[in-house]
Amino acid sequence: MEEVNEILISRLEQWYATHARELPWRATRDAYCIWVSEIILQQTRVAQGYDYYLRFIERFPNVKELAMAPEDEVMKYWQGLGYYSRARNMHAAAKDIVLRFGAAFPSNFEDIRSLKGVGDYTAAAIASIAFGLPHAVVDGNVYRVLSRLFGVDIPIDTPQGKRYFSQLAQSLLHRDNPGLYNQAIMELGALQCTPGACDCSDCPLSDICVACASRTVAQLPVKQGKVSIKSRYFHYFVISCGGFTWLKKREGKDIWRNLYEYPLIETPEEADFIEIQRTEEYRKLFDGVGKIAFVDQPYTCRHVLTHRVIHATFYTVEVESFPASLSHLTPVAVADVEQFAVSRLTELYHQYREKKLLHE
Ligand code: SF4
């Protein structure tokens, strides 16, 4: 094992020296920047996260600036990236760092791990890359490389699998240079040892790889269960009156918390407009508004999230008088709506509307 370990370390690091992508967060050892990049990349591809990272760091260059910023502004900078709890947690964690550590980013694994939104993987990445501490990362790329390299078919989404791979990764770590080693194995998983059937002929580990020899690459890693996908039915009302519209900040423990959206009626199953009109929510929403006129055809779309599919319809209506029933919502001049942080779904609706206006 010791020999395999040495071969693995030297080949991985040599391969990384010539193949690693040049990325802005790799040119720094600033723990704050590494943290921001890791959180952005948790659920986002590098190509999509790249510009977000640059904009975010430019506006919030350190913990203090992030902690002092209003949450709405942080959310605005996150808009379009999805999984908004990441931004909320980062904002809360920045305030926590100011309070507990005097705005200096914590420099040991336990303190980093104690920050909101930081799990074992992120803590190990920051601890090893920024501070050179010996903690192995285990993300999807590492699971893939290790399960194939050693031919391990223990499902990676079980407690047993998680324990097994975390111990294996830790035992292989290059203790003299854990940050470089961690980045190298993740990069190999991202660029070379990719999901499905990959090209092993160029891989620096092909002669010691069990899956490559046994032709089981496409079968590894093994996953036990699939998540069930739930459908939700959202009916938005884009109500305008005298150049104003109304937005509501989402609250509670649901998707898109703290983002703004148009008044929403959610139904347990698909419903057409006649059925929506019969709901109590509809009556409350349009109570005392006078005549309601449809301005446009409803815009419908299917928006896919990790565990849900949102079937959305946007109804654009104009009402005669300022609805008292909307007094608990935020009135916004129609021209200012773009300044509010909204979900990707609402952003898609805005893009559709803009395109439509251009063609009219
Ligand atoms: S030889 Fe193929 S399966 Fe094995 S680590 Fe390399 S790319 Fe992955």
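The protein folds into 15 helices and eight strands, taken as DSSP runs numbered from the N terminus, with at least four residues for a helix (H or I) and at least two for a strand (E). This is a predicted model in which local features need pLDDT of at least 70 and side-chain atom pairs count only at pLDDT 80 or more, while totals for chains, interfaces and linings use all residues. Residues are numbered from 1 along each chain as its sequence is written, and side-chain values use heavy atoms, without hydrogens and water.

Of the 360 residues, 46% are buried; buried means under 20% relative accessible area, exposed over 50%, and partly exposed in between (1.4 Å probe, protein chains only).

The structure holds 14 salt bridges, each a side-chain nitrogen of Lys or Arg within 4 Å of a carboxyl oxygen of Asp or Glu. Three of them are listed here.

| Salt bridge | N to O distance |
|---|---|
| Arg 21 and Glu 187 | 2.7 Å |
| Lys 249 and Asp 72 | 3.2 Å |
| Arg 232 and Asp 254 | 2.8 Å |

Arg 232 lies in strand E1 (residues 230-241) and Asp 254 in the loop between E2 and strand E3 (260-261), so this pair ties together parts 22 residues apart in sequence. Arg 232 is buried, at 8% relative accessible area, whereas Asp 254 is partly exposed at 29%. Both belong to a network of salt bridges that also links Arg 250, Glu 261 and Glu 266.

In the Lys 249 and Asp 72 pair, Lys 249 is partly exposed at 26% relative accessibility, and Asp 72 is partly exposed at 30%. Glu 187 is buried at 2% relative accessibility, while its partner Arg 21 is partly exposed at 30%.
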